Amino acid sequence: MKQVLKLMIAAMMLGLPAQAQENSGPLRIEITEGIIEPMPIAVTQFVAENAGAEAFASQLTDVVISDLVGSGLFRNIDPSAYIGSVTNFNAPVSFPDWKAINAQALITGAVTLTSDNQMVVKFRLFDVFGQETLIGLQFAASSQSWRRMSHKVADQVYARLTGEDPYFDSRVVYIAEEGPKNDRKKRLAVMDYDGANTRYLTGTDDIVLAPRFSPNAREIIYTSYETGVPQVFLMNVDTLSRRVLDSERNMTFAPRFSPDGRKVVMSLSNGAKSDIYSFDLATGQKVQLTNTSAIDTAPSYSPDGNQIVFESDRGGGQQIYVMPANGGAAQRISFGKGRYGTPVWSPRGDMIAFTNISGGRFHIGVMRTDGSQEKLLTGSFLDEGPTWSPNGRVIMFFRETQGSGGAPNLFSVDITGQFLKKVPTPTFGSDPAWSGLLE
Amino acid sequence: MTFMKMGMTLACVLALTACQDFRQNESGLDGNGVNGSGTTTGVDPNLTGVNDPTSVAYFNQTIGDRVLFQVDQSTLTPTAISTLDGQANWLLANTSYTTTIEGHADEQGTREYNLALGARRANAVRDYLVSKGIAANRIDIVTYGKERPLAVCSTEECWSKNRRAVTLVATGLSS
């Protein structure tokens, strides 16, 4: 199987044209307030600066637009409404032309192919009404990495206009599903965050479940039935070599990495009960963190590594608890209607995403880490398994339809719950887990 | 010579039957429930069919290879206990068999929770069989959570069939 391309992106500041004028306040979107109307922007077709760059320039522009519009925060103005045009990347911008169509921001770019299939992408972000250049950057990398360069451009624009960390240059590991409901085949798969470039990591022989990326996205932990019982495996994404974590033949599942990547926390079931264990990847040392007669599962570390959020039915029903990372007294934090499971700590540390089952429906929701300010973002026959974008502003999950033809697909929703969309995958998909921002 | 040959043939037939049943249950193709398993095409029905009380087919069909559970429960119902009494007696009489108990859940729960719940169900069956005198080392358990539904509709009619623990019997040593 093909090695994952390593992207070496050299970024340098472009000289900013002396266009900065008086400013009527920063051009900025506040995400937390709930976007009623997306910001109108104009992403002009990137200019191909030499032969062979045309196709790249066109595709790259499309991905930048798709990223920004797909965030739900921006609306790209149709080029048929343009008064001005950008055919030369270095020609001065005529701000009145863009003001006239109410473009709040203008993005221009250019693509040059150099020798050895290297590609240089330049772009500028303008505040149209402030008549100011906000960003001027250029990236150089292999032309095979053109999609990642597109995501890098969109990430820069998103970060500058929202004040948030970006998330477009990231990947998702998930379970690709095919076949009828009573004979479903499952494969481990990775893709770009937007559903492009799916690559399968396993065959269909064994059931695989709930994969998660290591912090540097070079390794994946997941549950497989390869040995006949569910067991947690560690796989290298490049070489596909894998090993079972627990040397004993226990049923283990629901693994997640610690933020430093040195440990894995997971559930171990002896049948009667399921407890949470941490597993040191270097030493193989296994430490039991919970010890009740209950089902304790779905553990997730806080980003500082000091706490673990998990689900347990120790109180009689499935609810969410928080405990110190080394075990100890657990505090219940979910007190709303119904059952709560699959808690995941936000990479920002401020919130916990979960699955809620109430009223015969499944919901994806978020709450503060003390359980306050709970908000359900989605609801359907079966919405399950949230995962956070690297910046903690978007949640991906899977939605399964009901009935004999029922099947799962991947969806994403922003944390205001206003912008829900399907993530396209070649097959059915479930159990998504987002990587951090790629390096 | 003749005796050896016969012995080998018999072991082969038994192993084949066990193998076939296991595959059907695991892949969930046995959509007809208890009566759908244990087909013995090409094999003398007088030897391995339901008429032979030592056969896997007899265990699966006449005694019953599975028990069902209430929503989110792993408590054995009176019906389940009656079935398991039959399984225990059969296993006491047929000591060359080991078992794997599969625990399953319906689709009305999250994946990880259902894995733990399926384990609880398989374990409840194991505990009961052990209490009836079956050696613990003859019993393996595995949970499939909601991964292997038998019935595919999204109503209680199907869900009730999927909340199950299935006792698979086979010759050979338990792993």
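**Exercise 1. The disulfide**

Determine how many disulfides a search of the whole structure finds over all chains, and describe the cysteines involved.

*Solution.* In this predicted model, the search over all chains of the whole structure finds one disulfide. The next step is to name its partners, which are B:Cys153 and B:Cys158, with their sulfur atoms 1.9 Å apart. This separation can be set against the cut-off, since a pair of cysteine sulfur atoms counts as a disulfide within 2.5 Å. The torsion about the S-S bond of B:Cys153 and B:Cys158 is about 115°, and the disulfide is therefore right-handed. Finally, the surroundings of each cysteine can be described: B:Cys153 has a relative accessible area of 22% and is partly exposed, whereas B:Cys158, with a relative accessible area of 7%, is buried.

**Exercise 2. The sheet of chain B**

Work out in which order the four strands of the open sheet in chain B lie, and which strands stand at its edges.

*Solution.* The four strands of this open sheet follow the order E1-E4-E2-E3 in chain B, and their pairing is mixed. Strand E1 (66–68) and strand E3 (139–145) of chain B each have a single partner strand, so they stand at the edges, and one side of each is left without a neighbour in the sheet. On average, and with direction ignored, neighbouring strands of this sheet are turned by 20° against each other.

The link between E1(B) and strand E4 (residues 164–171) of chain B consists of three bridges, and these two strands run antiparallel. Within this pairing, B:Arg66 stands opposite B:Val166 in E4(B).

The last step is to add the helices. Helix H4 (residues 78–93) of chain B packs on the sheet and touches E1, strand E2 (97–104) and E4 of chain B, while its direction makes about 160° with that of E1(B). Helix H5 (residues 111–131) of chain B also packs on the sheet, where it touches E1, E2, E3 and E4 of chain B, and the direction of H5 makes about 155° with that of E3(B).

**Exercise 3. A serine in chain A**

Decide whether A:Ser267 is buried or exposed, and find what its side chain reaches.

*Solution.* Begin with the location: A:Ser267 lies in strand E16 (residues 263–269) of chain A. Its relative accessibility is 0%, and because buried means under 20%, A:Ser267 counts as buried. The side chain of A:Ser267 reaches the backbone oxygen of A:Asp296 at 2.7 Å. Leaving aside neighbours within four places in sequence, A:Ser267 is in contact with several residues, among them A:Met251, A:Phe253, A:Ile276, A:Asp296 and A:Ala298.

How values were computed
Residues numbered from 1 in each chain as written. Chains lettered and ligands numbered in written order. Predicted model: local features only at pLDDT ≥ 70, side-chain atom pairs only at ≥ 80, totals over all residues. Heavy atoms only, no water. Pairing = 2+ DSSP bridges. Axes fitted to C-alpha atoms, helices over the stretch in contact; angles between N-to-C directions. Contact = heavy atoms within 4.5 Å. Buried < 20%, exposed > 50% of the residue type's maximum accessible area, 1.4 Å probe, protein only. Polar contact = N/O pair within 3.5 Å; in protein donor to acceptor, adjacent residues only side chain to side chain.
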